[in-house]
Amino acid sequence: AFHAQVHTSAKTGKAARMAGCVIDITGRKTLEQQKNEFIEMVSHELKTPATGIKAYGQLLQDRFLHNDPETNLRLIAKQNKLTNRLINLLNRLLDSTRVVDGSLKPHLEKADINVLIREYVDDLQSLTQNHQLNFRAAEKQIVLVDKEQIGQVLTNLISNAIKYSPEGGDINITSETTNDGQCMVSIADTGIGIDDSEKKKIFERFFRKNNDSTRSSTGVGLGLYICDAIIRQHGGEIGVKSQAGKGSVFYFLLPHHEAAIVNMAKPSDND
Ligand code: ADP
């Protein structure tokens, strides 16, 4: 999240201003602060597909040198897919603050969560050399989701798992049905972990742990805040189980398709 920006900002001293927002947040936000938050959020959401498009472009450049038309076509198709995702996100992000305040309703579609996860895991794996992403699905699970938004959640959680764990550490992604019939997706890493005292705070806007092991990593603490907003809008729940120094398991729960229809039907009766 925010890799390029904060990197640059750190050099210009702008990061100190961002950190200042964390402290000011208890007071009334100025228009300037709100504008900054909006710009940060937009940039955050655009970063992942933009990085993917660039990476495929670089791969294509290499492949063309080797004159490998089949691979080139495959890479172009992937690049087009990411470009479409970027355009969708741009359209959506024009009013991204509404995701968080609840006024931007998700565009719900029936989807097999495992197909969606597989797609995002494959995309992220192709951009990650130092971590193996393993995906295991217990059974087919149909959910009612905004695919783009749930994709954003998967991207944020998997990117964090990569960012906060050592090179070579496996990331295990699983999808299963809970005893009470919900769909549960977990992302487990073997990284730095999270102290009990911080497990709630990490979902707050702009919260970043600031110790030796994380100071060098980039980000401004918006990813989990956005994930939480998206999952709650889907009638689900997000959380973390973690042991400092051993690793973290981030998970989210979503109602299964039939349960979602029953729940969604209630509020819309009053629309
Ligand atoms: P960012 O990564 O941009 O700082 P996030 O909202 O995604 O923002 O995360 C907030 C904070 O939660 C991070 O700064 C980090 O301290 C902690 N965190 C998130 N994911 C993990 C993880 N997988 N392992 C350890 N700490 C994490």
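**Exercise 1. Find the residues that join α7 to α9, and describe the contact.**

Step 1. List the two sides. From α7 come Gln-149, Ile-150, Gln-152, Val-153, Asn-156, Leu-157 and Asn-160; from α9 come Gly-223, Leu-224, Ile-226, Cys-227, Ile-230 and Ile-231.

Step 2. Sort them by type. The contact holds eight nonpolar residues, five polar ones and no charged ones.

Step 3. Add the geometry. The model used here is predicted. Helix α9 spans residues 223–233, and its axis comes within 9 Å of that of α7, at a crossing of roughly 145 degrees. That crossing is left-handed.

**Exercise 2. Decide how far α9 is enclosed.**

Step 1. Apply the cut-off: a residue is buried under 20% relative accessible area.

Step 2. Name the residues that pass. In α9 they are Gly-223, Leu-224, Tyr-225, Ile-226, Cys-227, Asp-228, Ala-229, Ile-230, Ile-231 and Gln-233.

Step 3. Conclude. Ten of the eleven residues of α9 are buried, so the helix is largely enclosed by the rest of the structure.

Step 4. Set this beside the whole chain. Of its 271 residues, 46% are buried.

Step 5. Look past the helix end. Gly-235, just after α9, has a positive phi of about 75 degrees.

**Exercise 3. Classify the packing of α6 against α7.**

Step 1. Recall what is needed. A packed helix pair is described by the angle and the distance between the axes.

Step 2. Read off both values. Helix α6 covers residues 113–126; its axis and that of α7 come within 10 Å and cross at roughly 50 degrees.

Step 3. Classify. Angles under 35 degrees count as roughly parallel, and 65 to 115 as roughly perpendicular. The pair α6 and α7 is therefore oblique. The crossing is right-handed.

Step 4. List the contact. Ile-113, Leu-116, Ile-117, Tyr-120, Val-121 and Leu-124 of α6 meet Lys-147, Glu-148, Ile-150, Gly-151, Leu-154, Thr-155, Ile-158 and Ser-159 of α7. By type, these residues are nine nonpolar, three polar and two charged.

**Exercise 4. Trace the surroundings of Ile-113.**

Step 1. Place the residue. Ile-113 belongs to helix α6.

Step 2. Check its exposure. The relative accessible area of Ile-113 is 0%, so this residue is buried.

Step 3. Find its contacts. Beyond the neighbours within four places in sequence, Ile-113 touches Gln-141, Val-143, Ile-150, Ser-175, Cys-183, Val-185 and Leu-254.

Step 4. Compare sequence with space. Lys-147 is 34 residues from Ile-113 in sequence, and their C-alpha atoms are 8.9 Å apart.

Step 5. Widen the view to the chain. Take contacts between residues at least 6 apart in sequence: 73% of them join residues at least 24 apart.

**Exercise 5. Assemble the five-stranded sheet, pair by pair.**

Step 1. Start with β2 and β4. Strand β2 (residues 133–137) runs parallel to β4 (residues 171–177), and five bridges join them. Ala-137 faces Ser-175 of β4.

Step 2. Move on to β5. Strand β5 (residues 182–188) is antiparallel to β4, with six bridges between the two. Thr-174 has Ser-186 in β5 as its bridge partner.

Step 3. Inspect the turn. Four residues separate the strands of the β4 and β5 hairpin, where Gly-181 has a positive phi near 80 degrees.

Step 4. Take β6 and β7. Seven bridges join β6 (residues 237–243) and β7 (residues 247–255), which run antiparallel. Two partners in β7 fix the register: Ser-248 for Ser-242, and Leu-253 for Glu-237.

Step 5. Inspect the second turn. The β6 and β7 hairpin has three residues between its strands, and Gly-245 in this turn takes a positive phi of about 90 degrees.

Step 6. Write the order. The open sheet reads β2-β4-β5-β7-β6, and its pairing is mixed.

Step 7. Identify the edges. β2 and β6 each have a single partner strand, so one side of each lacks a neighbour in the sheet. Neighbouring strands are turned by 15 degrees against each other on average, ignoring direction.

**Exercise 6. Which helix lies across β2, β4, β5, β6 and β7?**

Step 1. Name the helix. It is α7, residues 147–163.

Step 2. Give its direction. Helix α7 runs at about 170 degrees to β7.

Step 3. Count the elements of the chain. There are ten helices and seven strands.

Key: Residues numbered from 1 in each chain as written. Predicted model: local features only at pLDDT ≥ 70, side-chain atom pairs only at ≥ 80, totals over all residues. Heavy atoms only, no water. Pairing = 2+ DSSP bridges. Axes fitted to C-alpha atoms, helices over the stretch in contact; angles between N-to-C directions. Contact = heavy atoms within 4.5 Å. Parallel < 35°, antiparallel > 145°, perpendicular 65-115°, else oblique. Left-handed = near helix turned anticlockwise from the far one by under 90°. Nonpolar A, V, L, I, M, F, W, Y, C, P; charged D, E, K, R; others polar. Buried < 20%, exposed > 50% of the residue type's maximum accessible area, 1.4 Å probe, protein only.
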